[in-house]
Amino acid sequence: PPSALPSAWTLPAPQRPTKQPGIFDVGDSVHWKGADQDLPAGSLGTVERIFEGGDVEVRFVVAGRPGSKLFTFSPGRLSHAFAVGDYVYWVGSDQDLPAG
């Protein structure tokens, strides 16, 4: 039997998000949720290492400063820096988007 939708309207199969809050992998781009004299708000870093206890080592390059610096944070102090095409979870829900 013919499909209910023309083939041009067929949606891609849903994919599982690749990034979840508080879960990081080496190579992920991240932001520190804070700011200070070493790392201004909005600084972008790259996860270099994840320690056995869960802390995350991040390399930041700060505009206008030579070189890069390594900092270690607990995962709760970092957020992912997303790119176009990333699949993500919304941790809320409402009448338009149910949980999950």
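Which residue in strand 3 is the bridge partner of G45? The answer is F60. Keep F60 in mind as you look around this structure, which is a predicted model.

## The overall layout

Let's start with the whole chain. It has zero helices and five strands, so-called β elements that follow one another in the pattern β-β-β-β-β along the sequence. The five strands form an open sheet with antiparallel pairing, and their order in that sheet is 4-3-2-1-5. Strand 4 and strand 5 are the edge strands, each pairing on one side only. From one strand to the next, the twist averages 45 degrees.

Here is a general idea to go with that picture: strands of a sheet pair through backbone hydrogen bonds, either parallel or antiparallel. In this model, strand 2, made of residues 44-50, pairs with strand 3 in the antiparallel sense over five bridges. The G45 and F60 partnership joins a residue to one in strand 3.

## Surface and contacts

The chain has 100 residues, and buried ones make up 20% of them. Its accessible surface comes to about 7400 Å², with 57% belonging to carbon and sulfur atoms. Now take the contacts between residues at least 6 apart in sequence: 42% of these join residues at least 24 apart.

## The nonpolar core

Where do nonpolar residues gather? The largest nonpolar core has 12 residues: F24, V30, W32, L39, V47, V56, V58, F60, V62, F71, F73 and L78. Strand 1 (29-32), strand 3 (56-60) and strand 4 (69-73) each supply at least two residues of this core. Strand 3 gives the most, with three residues.

Our friend F60 belongs to this core. Leaving aside residues up to four places away in sequence, F60 touches several other core members, V30, W32, L39, F71 and F73 among them. Its contacts also include S43, L44, G45, S68 and K69.

## Charged partners

Side chains of opposite charge can pair when their charged atoms come close. This model has three salt bridges, listed here with their closest N to O distances.

| Salt bridge | N to O distance |
|---|---|
| K69 and D38 | 3.9 Å |
| E48 and R59 | 3.5 Å |
| R49 and E57 | 3.3 Å |

K69 and D38 link distant parts of the chain: K69 is in strand 4, D38 is in the loop between strand 1 and strand 2, and they are 31 residues apart. Another linking pair is E48 in strand 2 and R59 in strand 3, 11 residues apart.

Are the partners R49 and E57 buried or exposed? R49 is partly exposed because its relative accessible area is 43%, which falls between the cut-offs of 20% and 50%. E57 counts as buried because its relative accessibility is 12%, and buried means under 20%. The other charged partners are partly exposed: K69 at 47%, D38 at 29%, E48 at 34% and R59 at 31%.

## One last stop: A83

A83 lies in the segment after strand 5 (78-80). With a relative accessible area of 45%, A83 is partly exposed. How far apart in space are A83 and S29, C-alpha to C-alpha? They are 9.1 Å apart in space, although 54 residues separate them in sequence.

Note on methods: Residues are numbered from 1 along each chain as its sequence is written. This is a predicted model: local features need pLDDT of at least 70, side-chain atom pairs count only at pLDDT 80 or more; totals for chains, interfaces and linings use all residues. Side-chain values use heavy atoms; hydrogens and water are left out. A nonpolar core is a set of buried Ala, Val, Leu, Ile, Met, Phe, Trp, Tyr and Cys residues joined through side-chain atoms within 4.5 Å. Buried means under 20% relative accessible area, exposed over 50%, partly exposed in between (1.4 Å probe, protein chains only). Helices (H or I, at least four residues) and strands (E, at least two) are DSSP runs, numbered from the N terminus. Contact means heavy atoms within 4.5 Å. Accessible areas come from the Shrake-Rupley method with a 1.4 Å probe; for residues, only the protein chains shown count as cover. Two strands pair if DSSP finds at least two bridges between them. Axes are lines fitted to C-alpha atoms, for helices over the stretch in contact, and angles run from 0 to 180 degrees between N-to-C directions. A salt bridge is a side-chain nitrogen of Lys or Arg within 4 Å of a carboxyl oxygen of Asp or Glu.
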